[in-house]
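Please open the model in your viewer and keep the sequence panel beside it, since this tour moves from one selection to the next and says at each stop what is there.

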Amino acid sequence: MNIAVPTTAPTIQSLLHISVKTSDVQATVHFYCDLLGMLEVDRPAFDFPGAWLSSPPPAKSILIHLYGGETAKDETGVVPTGSGAIDHVAITATGFQTMRKKLEASGRNWRQNIPPGTEIWQLFVSDPNGILVELTYDGAIEEGPGPSPENGPWYNAYEHFK
C-alpha cells in the first residue's frame, strides 16, 4: 500500500550519525580507526575537541561524531560512560520550515543550528526518554529562512537542555 505524502510535510529519511562523548578523543579515534577500520574525515571548525569518523568506501554510510573536552561532560561535570556516552542521534530529514513550526507549537524545548562553514540546517529536540535527536536538513534545497539566533532558540554544544 502506497501512502502519498504531501511535499510540504516533514519527512524522516535515514540515520545520519551518532555522537559519542569521550574523555579521550585520540584513544577513541584509535579504537574506531585502527581497530575497526573507520576513517577520520573533515570536521567543521567547532570550538571544542572532537573528530568525525566514517566507514571506508564504498559504503561510507556509518558516521560517528566524537565530542571531547567540556562538551563531553554531563550536568555533574563528569564524562559519562556506557550508553550514557551517546550524546545524540542524528537523522536526515526534509521539510525544515514545517518541522520548526511543529516544534514551536509543541511546547517542547528545542534548538536550531548551522555547523560552521556548512549548509547543514539542524533542529535538536529530546524524545520522551531524554534522548537528544538531531534532525539534519540540506540547507541548499530547503525553502525559507535557515536557522539563526534571531528566529528561534540556538543550539550550544556546551548547554544541556531537555
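**First stop: Gln122**

Select Gln122 and show what surrounds it: leaving aside its neighbours within four places in sequence, Gln122 is in contact with Phe96, Arg111, Gln112, Asn113, Pro115, Glu134, Leu135 and Pro147. Bear in mind throughout that this is a predicted model. Gln122 belongs to strand S7, which covers residues 120-126, and with a relative accessible area of 7% Gln122 is buried. If you then draw a distance to Pro80, which is 42 residues away along the chain, the C-alpha atoms of Gln122 and Pro80 turn out to be separated by 24 Å.

**Second stop: Arg111 and Glu159**

Among the contacts of Gln122 is Arg111, so keep that residue selected and add Glu159. The side chains of Arg111 and Glu159 meet in a salt bridge, with 2.8 Å from N to O. This pair links distant parts of the chain, for Arg111 sits in strand S6 (residues 110-113) while Glu159 sits in the segment after strand S8 (132-138), 48 residues apart. Are the two partners buried or partly exposed? Arg111 is buried, with a relative accessible area of 10%, whereas Glu159 is partly exposed at 30%.

**Third stop: Asp87 and Lys21**

Now select Asp87, which is found in strand S5, together with Lys21. Asp87 forms a salt bridge with Lys21, and the closest N and O atoms are 3.6 Å apart. Because Asp87 lies in strand S5 (residues 86-94) and Lys21 in strand S1 (residues 11-21), the pair ties together parts that are 66 residues apart in sequence. Both Asp87 and Lys21 are buried; for Asp87 the relative accessible area is 14%, which is under the 20% that marks a buried residue. To see the wider surroundings, display the residues that Asp87 touches, not counting those up to four places away in sequence: Ser19, Val20, Lys21, Tyr67, Leu132 and Tyr155.

**Fourth stop: Glu70 and Lys73**

Move next to Glu70 and Lys73, where Glu70 forms a salt bridge with Lys73 and the closest N and O atoms are 3.0 Å apart. Lys73 is partly exposed, with a relative accessible area of 26%. How many salt bridges does the count come to? The count comes to three salt bridges.

**Last stop: the whole chain**

Clear the selections and show the protein chain as a cartoon, in which there are two helices and eight strands. Followed along the sequence, these elements give the pattern β-α-β-β-β-β-α-β-β-β. The radius of gyration of the protein chain is 16 Å, close to the 15 Å that the globule rule gives for 162 residues, so the chain is as compact as a globular protein of that length. Along its principal axes, the C-alpha trace spans about 45 × 40 × 35 Å.

Switching to a surface view, you are looking at about 9300 Å² exposed by the protein chain, of which carbon and sulfur atoms supply 57%. Buried residues make up 40% of the 162 residues. Of the contacts between residues at least 6 apart in sequence, 58% join residues at least 24 apart. Finally, colour the surface by charge: the protein chain has 10 positive and 18 negative side chains, and the centres of the two sets lie 6 Å apart.

Key. Residues are numbered from 1 along each chain as its sequence is written. This is a predicted model: local features need pLDDT of at least 70, side-chain atom pairs count only at pLDDT 80 or more; totals for chains, interfaces and linings use all residues. Side-chain values use heavy atoms; hydrogens and water are left out. A salt bridge is a side-chain nitrogen of Lys or Arg within 4 Å of a carboxyl oxygen of Asp or Glu. Helices (H or I, at least four residues) and strands (E, at least two) are DSSP runs, numbered from the N terminus. Buried means under 20% relative accessible area, exposed over 50%, partly exposed in between (1.4 Å probe, protein chains only). The radius of gyration is taken over C-alpha atoms; the globule rule is 2.2 Å times the number of residues to the power 0.38. Contact means heavy atoms within 4.5 Å. Accessible areas come from the Shrake-Rupley method with a 1.4 Å probe; for residues, only the protein chains shown count as cover. Lys and Arg count as positive and Asp and Glu as negative; His and the chain ends are not counted. The place of a charge is taken as NZ of Lys, CZ of Arg, CG of Asp or CD of Glu.
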